[in-house]
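Visitor: I am new to this structure and would like some help reading it. Could you walk me through a few features?

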Amino acid sequence: ARGTMGQDESSFGPVFDPPVVMGDKSIMRQKAHGTSETPVQDVLRYGVDPELADRMCNFNRRYAEHPGYWLTTTFLEDTKGAEGPIPFYDSNTGKLL
């Protein structure tokens, strides 16, 4: 059945139009540190709280940070006047997304 925003429902869960690729439930299986092999990095950009980031990234299956949390960070100040795309990095590995 076709849902909104190009979403299909299958017996395996939602299916989205490309370029989205959905992973299976094994992605969220228990690992060495919650759902990751490692905790988030000790120092994160924009003054993001590493403890909160670790909870959200590695010990969370349903929720996100509270609405407006990003406004308490230095993101707007640090990116004001940026030219071109702003690079973002994985909080655990530090790899460019």
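Guide: Gladly! Let us start with threonine 35, which sits in the loop between strand S2 (13-16) and H1; helices (H or I, at least four residues) and strands (E, at least two) are DSSP runs, numbered from the N terminus. This is a predicted model, where local features need pLDDT of at least 70 and side-chain atom pairs count only at pLDDT 80 or more, while totals for chains, interfaces and linings use all residues. Residues are numbered from 1 along each chain as its sequence is written, and side-chain values use heavy atoms, with hydrogens and water left out.

Visitor: Is threonine 35 buried or exposed?

Guide: Buried means under 20% relative accessible area, exposed over 50%, and partly exposed in between (1.4 Å probe, protein chains only). Threonine 35 counts as buried because its relative accessibility is 14%. Leaving aside neighbours within four places in sequence, threonine 35 is in contact (heavy atoms within 4.5 Å) with Ile27, Met28, Arg29, Cys57, Asn58 and Arg61. In the protein, buried residues make up 21% of the 97 residues.

Visitor: In what order do the elements of the protein run?

Guide: From the N terminus on, the order is β-β-α-α, which comes to two helices and two strands.

Visitor: Which residues form a salt bridge?

Guide: The rule asks for a side-chain nitrogen of Lys or Arg within 4 Å of a carboxyl oxygen of Asp or Glu. By this rule the count is one salt bridge. Glutamate 51 pairs with arginine 55, and their closest N and O atoms are 3.7 Å apart. The two are separated by about one helical turn because they are four residues apart in helix H1. Glutamate 51 counts as exposed at 58% relative accessibility, whereas arginine 55 is partly exposed at 41%.

Visitor: How is empty space found, and how much lies in the largest pocket?

Guide: Rolling a probe the size of a water molecule over the atoms shows where empty space is left. On a 1 Å grid over the protein atoms alone, a pocket is an open set of points where a 1.4 Å probe fits, with protein on both sides within 12 Å along at least five of seven lines; lining residues have an atom within 4 Å of a point. Grid points are joined across faces, edges and corners, and a volume is the space filled by probe spheres set on the points. Here the largest pocket holds about 540 Å³ of space. Its lining has 20 residues, with Leu44, Arg45, Tyr46, Val48 and Ser91 nearest its centre. H1 gives the most to that lining, with four residues.
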